[in-house]
Amino acid sequence: MSSGHAHDHGSGHDRSRLAVAFGITAGILVVQVVGAVLTGSLALLVDSAHVLTDVGGLLVALVAASLVARPPTAHRTWGLRRAEVLAATAQAAVLLVVGVYVLVEGVLRLVTPTDVAGPALLVFGAVGLLGNIAAILVLTPGRSGTFNRRAAFLEVVNDALGSVAVIVAALVIELTGWTRADAIAGLLIGVLILPRTLALLRETIDVLLESTPRGLDLDAVRAHLLDVPHVLGVHDLHATRIASDLPVLTAHVVIDDACFLDGHAARMLDDLQACVAEHFPVSIEHSTFQLEPAAHAGHEHVQHD
């Protein structure tokens with residue numbers, strides 16, 4: 001026996017905001033590539049490579065937002081909801097590669113510094129920062145929602161931090177002539193990229209591995225279910241996420257035999273659904289419960305806790 005609520009998974013606002021952010025970021029990429037060629041700056045070159053991955057990431061996020069909106073079918077009963085998790089995982093993986101590259105190249109540039117045109121670097125860094133701020137303003141609403149939105153927002157914020165590092169490096173080079181500031185700025189960009197990227201990658205991999213949602217204690221869930229009147233036992237309890245905003249839970253619940261005879265089993269289902277939807281930090285509105293009499297245990301081939 002199962003129960004759940006219909007969800008409004010519309011992603012029209014996601015798509016429009018991502019499209020605007022994609023256009024802005026693509027424009028920044030063109031400007032920064034030109035700037036990297038003209039100035040010879042590692043920081044600007046690395047930031048351009050970072051922006052290139054972000055353009056690709058935002059494009060993936062835009063496509064994923066469209067796929068997520070497709071309705072379920074008999075072949076894909078959840079629709080393409082997990083597309084946003086796959087997209088965010090791909091973006092995080094690419095950002096991780098870029099971050100490692102930045103650290104390696106930055107160390108090499110510290111050992112062997114190159115000439116950098118400070119004034120031009122400052123101009124291109126400022127242009128990039130203004131564009132990043134515009135994209136951040138576009139993506140700020142709902143930035144803590146789906147993995148897709150979080151990944152897109154994270155990429156743009158990292159771009160903005162990279163632009164700040166480029167500007168600071170340009171000022172140091174112009175005022176002191178110390179060209180290693182460019183390499184240090186590149187290293188700083190890498191350091192800023194990696195921790196957030198690793199955190200996002202860990203979360204999306206947890207979803208793909210169908211781990212229990214973060215913040216949900218299954219032992220506490222089991223204990224709370226056992227406190228529901230007429231519940232004798234709980235087994236085969238599983239919880240995971242189909243997508244960042246769609247946690248699901250399944251369980252076999254043993255109840256008093258009398259509940260099947262007096263019609264109380266239907267009320268039990270309502271009580272169990274309310275339990276997992278209302279009493280925990282992660283609200284699970286899509287739950288499936290198999291209600292069993294005590295004698296049913298002998299008919300199950302394998303029983304899991």
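This report walks through the predicted model shown above, from its overall layout down to single residues.

## The overall layout

Let us begin with the whole chain. It contains nine helices and four strands. If you follow the sequence from start to end, these elements come in the order β-α-α-α-α-α-α-α-β-β-α-α-β. The chain has 305 residues, and buried residues make up 46% of them.

## Two helices side by side

A good pair to find in the structure is helix H3, residues 83-111, and helix H6, residues 180-208. The two pack with their axes 7 Å apart, at an angle of about 155°. How should we describe the directions of H3 and H6 relative to each other? Angles over 145 degrees count as roughly antiparallel, and H3 and H6 are therefore roughly antiparallel. Their crossing is left-handed.

## Along helix H1 and into helix H2

Helix H1 covers residues 12-39, and valine 34 is part of it. Is valine 34 buried or partly exposed? With a relative accessibility of 42%, valine 34 counts as partly exposed. Together with Val30 and Leu38, Val34 makes a nonpolar surface patch of about 290 Å².

Now look at glycine 35, which also lies in helix H1. Glycine 35 is buried, because its relative accessible area is 0% and the buried class takes in values under 20%. Between the C-alpha atoms of glycine 35 and leucine 45 the distance is 8.2 Å, and the two residues are 10 apart in sequence.

Helix H2 holds valine 51. Valine 51 counts as buried, at 0% relative accessibility. From its C-alpha to that of glycine 27 is 10.0 Å, with the two residues 24 apart along the chain.

## Charged pairs

Next come the charged side chains. Side chains of opposite charge can pair when their charged atoms come close. How many salt bridges does a search of the whole structure find? The search finds three, and the table lists them.

| Acidic residue | Basic residue | N to O distance |
|---|---|---|
| Glutamate 210 | Arginine 82 | 4.0 Å |
| Aspartate 206 | Arginine 214 | 3.0 Å |
| Aspartate 271 | Arginine 267 | 3.3 Å |

Take the salt bridge between glutamate 210 and arginine 82. This pair links distant parts of the chain, as its residues are 128 apart. Glutamate 210 sits in the loop between H6 and helix H7 (218-226), while arginine 82 sits in the loop between helix H2 (42-68) and H3. Arginine 82 has 21% relative accessibility and counts as partly exposed.

The salt bridge of arginine 214 with aspartate 206 comes next. Arginine 214 is partly exposed at 43% relative accessibility. Aspartate 206 is partly exposed too, with a relative accessible area of 22%.

Where do aspartate 271 and arginine 267 lie? Both are in helix H9, residues 265-278. They are four residues apart, which is about one turn of the helix. Aspartate 271 is partly exposed, and its relative accessible area is 26%.

## Backbone angles to look at

Two residues invite a look at the backbone. Histidine 230 has a phi near 80°, a positive value in a residue other than glycine. You can find histidine 230 in the loop between H7 and strand E2 (231-243). With a relative accessible area of 36%, histidine 230 is partly exposed.

Aspartate 236 is not a glycine either, yet its phi is positive, at about 50°. This residue is found in strand E2. Is aspartate 236 buried or exposed? Its relative accessible area is 8%, so aspartate 236 is buried.

## Strand E4

Our last stop is strand E4, residues 286-292, where glutamine 290 has its place. Glutamine 290 counts as partly exposed, at 31% relative accessibility. Its partner in a C-alpha to C-alpha comparison is leucine 269: the two are 21 residues apart in sequence and 9.1 Å apart in space.

Note on methods:
Residues numbered from 1 in each chain as written. Predicted model: local features only at pLDDT ≥ 70, side-chain atom pairs only at ≥ 80, totals over all residues. Heavy atoms only, no water. Patch = residues over 30% accessible without salt bridge, like charges linked within 9 Å, V, L, I, M, F, W, Y side chains within 5 Å. Areas by Shrake-Rupley, 256 points an atom, 1.4 Å probe, with all protein chains shown as cover. Salt bridge = Lys/Arg side-chain N within 4 Å of Asp/Glu carboxyl O. Buried < 20%, exposed > 50% of the residue type's maximum accessible area, 1.4 Å probe, protein only. Axes fitted to C-alpha atoms, helices over the stretch in contact; angles between N-to-C directions. Parallel < 35°, antiparallel > 145°, perpendicular 65-115°, else oblique. Left-handed = near helix turned anticlockwise from the far one by under 90°.
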